[in-house]
Amino acid sequence: MPQHLSNLTETASQTGGPYVHIGCIPSFAGIEGVYPQDLGLSPIQPGALGQQITITGQVIDGTGWALRDALIESWQPDSAGRFAGQPGADPAVSGFCRFAADKDSGEFCLTTVKPGAVPARTGQMQAPHISLWIAARGINVGLHTRIYFEDEDNSADPLLARIEQRNRVSTLIARKTGEGAYRFDIRLQGEGETVFLDI
Amino acid sequence: MTDLGPLVPRQRDMHPVPYDPDYKTSVPRSPKWPLLSMESTPSEETGPRFGHGVIGPLDNNLVLNFATDGSPAIGERILVHGQVLDEFARPVPNTLIEIWQANAGGRYRHIKDTYLAPLDPNFGGCGRTLTDDQGRYQFLTIRPGAYPWPNRGNEWRPMHIHFSVFGHSFGQRLITQMYFEGDPLIARCPIAATIKNRSQLDRLVAPLDMPMARPLDFLAYKFDIVLRGRRQTMFENRLEGL
């Protein structure tokens, strides 16, 4: 017998279920008064440096139906590419936001500042992007993906470069719909399925 | 900042399958194409941190944190406690844990839950806490009831508490569920059964922990959680292009 490894195995995920909001966005579930306010209401405070942007979209299932019960979290650096807590980071950018698909329309909306570029471990620069994590009933392991921007130079991004089917790259790129406005739909399955990440 | 190393890749076979026809909602909501695998970057290795400033004194006490008329929540009082570690058995201190659950009758306080069981006016069903410097946490709550749900003809969820854990990296983000030792509904639950590795499912079942139960007050259950680790070697930094 070889030596024994004392490593542990990650705890298995389970779906967040239909009532994920109770724990993560209580006010969405109709619960007021437990906490002063929900966590992650906005990734930015007034005075955040950089271009303010709004990203709207839907989370769409394999039948084409927009989820009304999805929970999304976003994580990003400030406009100079620094994450909260790093030296020199913009104190008005927490970088973390939690938002839900609207219970009637399924639309979500994220208002933030456009993130700066961040290098990968190799030192190679990644194009500006926002990381997303999606939890909902029927999603057994939370889904990671990224939002890139149509009006940035994405040509040298190392993650996008790894997508073999180049026709799928566009699923990670937010479409510009106006000044500071973008559209980013997330397709869980089916035609135009979003590239999800194991990262 | 110290480079703590890249995240250890997820062992996907230790997690539920994304697509499971016995859990019908997973059928249209599971990606069909393979995930894109890549070594973690600062985007996944960093993550939100939450300080003690956001945590109120009753946030981890679900018996009292929604006591609208001042009475404690109805139900069997339980302490749920445990430790958060990473895959290298290092404690994960100061990390946010959020929980949510049904009340003692199996009803959630949510605009969309219309189950017959009544709402408890003194039970909200959510709580949160930060782990201490050893990664330990505690909640005082009531044992949630089992409840029926639409899936196949006659489906009941075992008693469970939902857990959301942050870790220190966005790539460690985890939502899971804690079940209770001895509940016969676990073996019949298609959501629990999305986990195909038996020992991984067993690890979601919290044992009764009598030494931690307080006489004449509450029972106790222990639920430890393991998050992804970060690999620290002397050889992580590769030159660009190599």
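Which residues touch the most other members in the largest nonpolar core? In this predicted model, they are A:Ala70 and A:Ile134, within a core of 99 residues. Leaving aside the neighbours within four places in sequence, A:Ile134 is in contact with A:Val59, A:Ala70, A:Ile72, A:Ile139, A:Gly142, A:Leu143 and A:Ile186. Apart from the largest core lies another one, of 5 residues, among them A:Phe83, A:Ala84, A:Val93 and A:Val113.

**Chain B as a whole**

Chain B holds 3 helices and 12 strands. Its radius of gyration is 20 Å, close to the 18 Å that the globule rule gives for 242 residues, so chain B is as compact as a globular protein of that length. Taken along the principal axes, the box filled by the C-alpha atoms of chain B is roughly 65 × 45 × 35 Å. Buried residues account for 45% of the 242 residues in chain B, and, of the contacts in this chain with a separation of 6 or more, 72% are between residues 24 or more positions apart.

**The contact between the chains**

The contact draws 74 residues from chain B and 65 residues from chain A. On the side of chain B that touches chain A, at least two residues each are supplied by α1 (26-29), β1 (36-37), α2 (42-45), β3 (96-100), β8 (160-165), β9 (174-180), α3 (198-202) and β12 (225-227) of chain B. The largest share of that side, 4 residues, comes from β9(B). By residue class, the side of chain B that touches chain A divides into 34 nonpolar, 23 polar and 17 charged residues.

Strand pairing also links the two chains: β12 of chain A (residues 197-198) and β1(B) pair in the parallel sense over 2 bridges, and A:Leu197 stands opposite B:Leu36 in β1(B).

**Positive phi values in loops of chain B**

Two residues other than glycine, B:Ala89 and B:Leu216, have a positive phi, and the table gives each value with the loop of chain B concerned.

| Residue | Phi | Loop of chain B |
|---|---|---|
| B:Ala89 | near 65 degrees | between β2 (77-86) and β3 |
| B:Leu216 | near 60 degrees | between β10 (205-206) and β11 (219-222) |

Are these residues buried or exposed? B:Ala89 counts as exposed because it has 11 C-beta neighbours inside 10 Å, where the cut-off for an exposed residue is 12 or fewer. B:Leu216 is likewise exposed, with 5 other C-beta atoms within 10 Å.

Conventions. Residues are numbered from 1 along each chain as its sequence is written. Chains are lettered from A and ligands numbered from 1 in the order in which they are written. This is a predicted model: local features need pLDDT of at least 70, side-chain atom pairs count only at pLDDT 80 or more; totals for chains, interfaces and linings use all residues. Two residues are in contact if their C-beta atoms, placed from the backbone, lie within 7 Å. Ala, Val, Leu, Ile, Met, Phe, Trp, Tyr, Cys and Pro count as nonpolar, Asp, Glu, Lys and Arg as charged, and the others, Gly among them, as polar. Two strands pair if DSSP finds at least two bridges between them. The radius of gyration is taken over C-alpha atoms; the globule rule is 2.2 Å times the number of residues to the power 0.38. A residue is buried if 20 or more other C-beta atoms lie within 10 Å of its own, exposed if 12 or fewer, and partly exposed in between; C-beta atoms are placed from the backbone. A nonpolar core is a set of buried Ala, Val, Leu, Ile, Met, Phe, Trp, Tyr and Cys residues joined through C-beta atoms within 7 Å.
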